[in-house]
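Here are a few short exercises to work through with the model open. Try each task before reading its solution.

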Amino acid sequence: MNKKRFIKSSIFLLIFLFLGILYFWISISSYQTAEDLYDFPIPKNAQLVYKKEKVSGYEWDKSSFENGIPFSYKIVIKQNGWKEEEREGGNTTYTKGESKINLLSDTDYIEISNDF
């Protein structure tokens, strides 16, 4: 009886671990860094619609003003060494060493700037 319970528990844990690793890998592989923005991660499926010297705007359907950016994006930002410093409405400021990035999230749109 205990052996069967142990086997079932082990299988459940392995499946849970596998799904967690799969989710983590998909989340990480969905972003790339931008050199002109201090290597800040950018969603790969975001479409660049605006680019000026220190500001880049992207259409991205996973962003919203009310909810901000998805949790997986927040994890990737943190894993890349960025720390959330300040949040006001749809604006969030991140720092990494001496570098600062402002991320504006709106409905289906994000704007990333290093204009400080």
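Tyr-38 lies in the loop between β1 (31-34) and β2 (40-43), with strands taken as DSSP runs of E of at least two residues, helices as runs of H or I of at least four, both numbered from the N terminus. This is a predicted model, where local features need pLDDT of at least 70, side-chain atom pairs count only at pLDDT 80 or more, and totals for chains, interfaces and linings use all residues. Residues are numbered from 1 along each chain as its sequence is written, and side-chain values use heavy atoms, leaving out hydrogens and water.

**Exercise 1.** Work out the sign of phi at Tyr-38.

Solution. Start with the angle: phi of Tyr-38 is near 60°, a positive value in a residue other than glycine. Next, check the cover: Tyr-38 is partly exposed because its relative accessibility is 38% (buried is under 20%, exposed over 50%, partly exposed in between, with a 1.4 Å probe and protein chains only).

**Exercise 2.** Find the loop that holds Asp-108.

Solution. Look between β7 (99-106) and β8 (109-113), where Asp-108 sits. Then read its phi: about 60°, positive although Asp-108 is not a glycine. Finally, Asp-108 has a relative accessible area of 39%, so it's partly exposed.

**Exercise 3.** Is Thr-92 buried or exposed?

Solution. First place Thr-92 in strand β6 (residues 91-96). Its relative accessible area is 8%, so Thr-92 is buried. Now list its contacts (heavy atoms within 4.5 Å): leaving aside neighbours within four places in sequence, Thr-92 touches Glu-84, Glu-86, Arg-87, Ile-101, Asn-102 and Leu-103.
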